[in-house]
Amino acid sequence: MFFLSVLIVSFIIFILLTSFFNMNHKVIVSSISALVVSVLVQVLEQFYLSSIIIAALIFYFIIANIKAFINEQLKLLVAVLFSTAIVTLILSFAYFNQISNISDSEILRVMFIYYPLLIIFITCYTYMLLCLFNFKVLQVSNPLLYIMNRIRGFMRTIQLLWIASRKGLNHLIQQDHAKLPHVIAEILDEMGGVFVKFAQVLSTKKEILPSNYIDAFSSLHDQVKPLSEDELKTIIDNKIGNIDDIYESFEMRPIAAASIGQVHLAKLKLTGEIVVVKILRPNVKQKITVDLDLLIQFVSWLSERSSKISRLGLIELARGFKKSLIEETDFDIEALNTNMLRKAFKEHNITIRVPKVYSEYSTKHVLTMEYIEGDSFTKEVTTDVSEMIMHAFLNQILMIGIFHADPHPGNIMLTTDGEVALIDFGSVGYLSNDERAGMLSFLIGYSNNDAQEMAHGLMRVCERENVPEEDMIERHLNKLLSEASFSHDPTSVMMGRLMSMIAEMGLSLKPTVAGAFRAIITLDGTLSSVDEEYSLTAASESYASRIDKGRLSEEHFSKIKGRLEDYIPNLLELPILKDNKITIVHEEKHHLNDFIGTLTVGIFTVICMVVMLMSFFVQGELMQFLLAPLSMSGFGVGMIILIMSVIRQLKPKV
């Protein structure tokens, strides 16, 4: 009867909570949650452990208010629950049940001195261990969701392995069979969602992938079921307000739908303007993160087993794809990107339209933007239009430092007024001044057929580690220039082979610069498909001819001069400048802090060991309940931390 009563009460509580948070499958979630809670309460009653939970919560409330623990509540809660349970069980079964005729004064002393002291100290030890081993489940904001995602990831892994084995993927990889691209495409298609979207991205990488892979991936379509009317209304009502108060009309059928979200046409009630409304699918970030991690594992597995696939650079593409897709799940980022580029285009007189964002009707989950009427970039255009678009992108990269990172045909529009418009700013790249200067040097060097200037620019946009000599890079670039000069479109050939050269030399472009190169190559493919006479060589040469190189040099010199004027007076005041020598102390200070930390733990461990050895010679309750447990647990924790410190110091630095 008690169990049934608890079950009913728990079910009512959970059904109210699921209704309040608008969760899916309310009855199922409430039933399972109520059953789990009921069983837990029954177990606690059976083993008389209810007092452990009560005591733990009291201690948690006390310790949680200590400033040092405020940002680590979950780890602290686990540590308190564990230590309270251990100490309570040991006291109950090893002391009170074993010793008869215990005086009241001894009970008071044990319960009000030893009991709280042991809980507090063992909580600290447990907390140190949790911090040391850095358990992932204790770092996330929602551990239950993390566990559910882990389970979902395991199920998706099983599904992927089953599909791959059924298609005979491992056998085809070993044979390097001609059917391999189509089998990989079929696996991605059956996995759906993120996997199909990745295949669609790969189908645009004509400069990287062979034609048989492009053909296999081009046939895949991201087919997803649209959100229901009730789901749409719930999202809008919860995120920006009542749908009937904001929109005069709202088309429930989406004009576009994908695995992340969908797009609807609507009319604002206040102004009568036609707008597009992007709706993010519920819990999509958590769902796609699981699939994105699995996708990277799958691509890594393929690359390890096939040298041909490894040379395609799919792992880097998958990682970049994950980063851009995660950014697309936050419409605040897209709204910021759109506003920044809209403003920059006006300041630099770039004649490409960017939609207006209605911030009062936009959140992280709903984005309301100006509706631009037109067609996707699939019709034929003139060379003037295609060159204008390429010039606009080069301006974004070289002058503004902010660029649209995914200029595929679906994101470029020809409006009914004959203008060009850009949409979908979920994936945008940002370049630093130094990166822009490096790319500009590379472009100017290329336009002047100057391999030395190109090498200088390339070194500025590559990661600093393992960079070969500039002379070697210059020789490779001279060879590339010679090979490209015999092509009908030297710049396209140069851009395509440049990536291979960079990989062969062991260079690594900075991520944002690599994104800029990919954007140029993607746009080159887009423009080539709509303009037969378009040439990247001609577009880049005409752009380079319009650059005022003298003015650019003067601007760069002015910037450097201004920085030196700011930096030198401050530099002279720094304490690290002594006897006309600059002493680098940052790294030494870092090692010094590590040494002091290790020394402190070592002294703590030695003290615990001494106390532990002494406790074996001390008789009575002091040894049984305080000295031995505290010293043994402290010695154990200290030794673990010391071993971990030694391993970290001996580990080779990479």
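Partly exposed, a label used at several stops below, means a relative accessible area between the buried limit of under 20% and the exposed limit of over 50%. Arg342, at 24% relative accessibility, therefore counts as partly exposed. The model on screen is predicted.

**Whole chain**

Start with everything shown. The protein has 654 residues, and 40% of them count as buried. Colour by secondary structure: 26 helices and 12 strands should appear. Turn on the surface next. The accessible area comes to about 37000 Å², with 61% of that belonging to carbon and sulfur atoms. For a contact map, take residue pairs at least 6 apart in sequence. Of those contacts, 65% join residues at least 24 apart.

**Stop 1: Arg342 and Glu370**

Return to Arg342 and add Glu370. Their side chains meet in a salt bridge, 3.9 Å from N to O. Arg342 sits in helix H16, while Glu370 belongs to strand E5 (residues 366-370). The two are 28 residues apart, and the pair links distant parts of the chain. This is part of a larger set, as the structure holds 16 salt bridges.

**Stop 2: Lys167 and Glu186**

Select Lys167 and Glu186. They form a salt bridge whose closest N and O atoms are 3.1 Å apart. Lys167 lies in the loop between H6 and helix H7 (169-175), and Glu186 in helix H8, so the pair ties together parts that are 19 residues apart in sequence. Which residues complete the salt-bridge network here? Add Arg166 and Glu190: with Lys167 and Glu186 they are linked in a network of salt bridges.

Now check the exposure. Lys167 has a relative accessible area of 23%, so it is partly exposed. Glu186 reaches 38%, so it is partly exposed as well. Show helix H8 as residues 180-191 to see where Glu186 is placed. Then draw a distance to Ser219. The C-alpha atoms of Glu186 and Ser219 are separated by 10.0 Å, with their positions 33 residues apart along the chain.

**Stop 3: the nonpolar patch**

Select Phe154, in helix H6 (residues 143-166). Is Phe154 buried or exposed? Its relative accessible area is 53%, so Phe154 is exposed. Extend the selection to Leu145, Ile147, Met148, Ile151, Met155, Ile158 and Leu161. Together with Phe154 they make a nonpolar surface patch of about 780 Å².

**Stop 4: Tyr213 and Phe217**

Switch to aromatic rings. A search of the whole structure finds four aromatic pairs. One of them is Tyr213 with Phe217, a tilted pair at 6.1 Å centre to centre and 50 degrees between the planes. Both residues lie in helix H10 (residues 211-218). They are four residues apart, about one turn of the helix. Tyr213 and Phe217 are both buried.

**Stop 5: Tyr247, Phe250 and strand E1**

Go on to Tyr247 and Phe250. This aromatic pair is also tilted, with 5.4 Å between the centres and 55 degrees between the planes. Tyr247 is buried, and Phe250 is too.

Keep the view and select Glu248 and Lys267. Their side chains meet in a salt bridge at 3.8 Å, N to O. Glu248 is in strand E1 (residues 247-250), and Lys267 in strand E3 (residues 261-268). The pair links distant parts of the chain, 19 residues apart. Lys267 has a relative accessible area of 28%, so it is partly exposed.

**Stop 6: helix H17**

Finish with residues 383-400, which form helix H17. How many residues does H17 have? It has 18, and reaches 24 Å from its first C-alpha to its last. That is close to the 26 Å expected at 1.5 Å a residue.

Show side chains for its buried residues. Among them are Ile389, Met390, Phe393, Leu394, Ile397, Leu398 and Ile400. Polar or charged names belong on the list too, including Ser386, Glu387, His391 and Gln396.

What covers these buried residues? Bring in helix H16 (331-347), helix H18 (433-447), helix H22 (511-530) and helix H23 (536-546). Add strand E7 (402-404) and strand E9 (420-422), which are also part of the cover.

Last, step off the end of the helix. Gly401 follows H17, and its phi is positive, near 90 degrees.

Conventions. Residues are numbered from 1 along each chain as its sequence is written. This is a predicted model: local features need pLDDT of at least 70, side-chain atom pairs count only at pLDDT 80 or more; totals for chains, interfaces and linings use all residues. Side-chain values use heavy atoms; hydrogens and water are left out. The expected span of a helix is 1.5 Å times one less than its number of residues. Buried means under 20% relative accessible area, exposed over 50%, partly exposed in between (1.4 Å probe, protein chains only). Contact means heavy atoms within 4.5 Å. Patches are made of residues with over 30% relative accessible area and no salt bridge: like charges are joined within 9 Å, nonpolar side chains (Val, Leu, Ile, Met, Phe, Trp, Tyr) within 5 Å. Accessible areas come from the Shrake-Rupley method with a 1.4 Å probe; for residues, only the protein chains shown count as cover. A salt bridge is a side-chain nitrogen of Lys or Arg within 4 Å of a carboxyl oxygen of Asp or Glu. Rings of Phe, Tyr and Trp (its six-membered ring) pair if their centres lie within 6.5 Å; planes under 30 degrees apart count as stacked, over 60 as edge-to-face and the rest as tilted.
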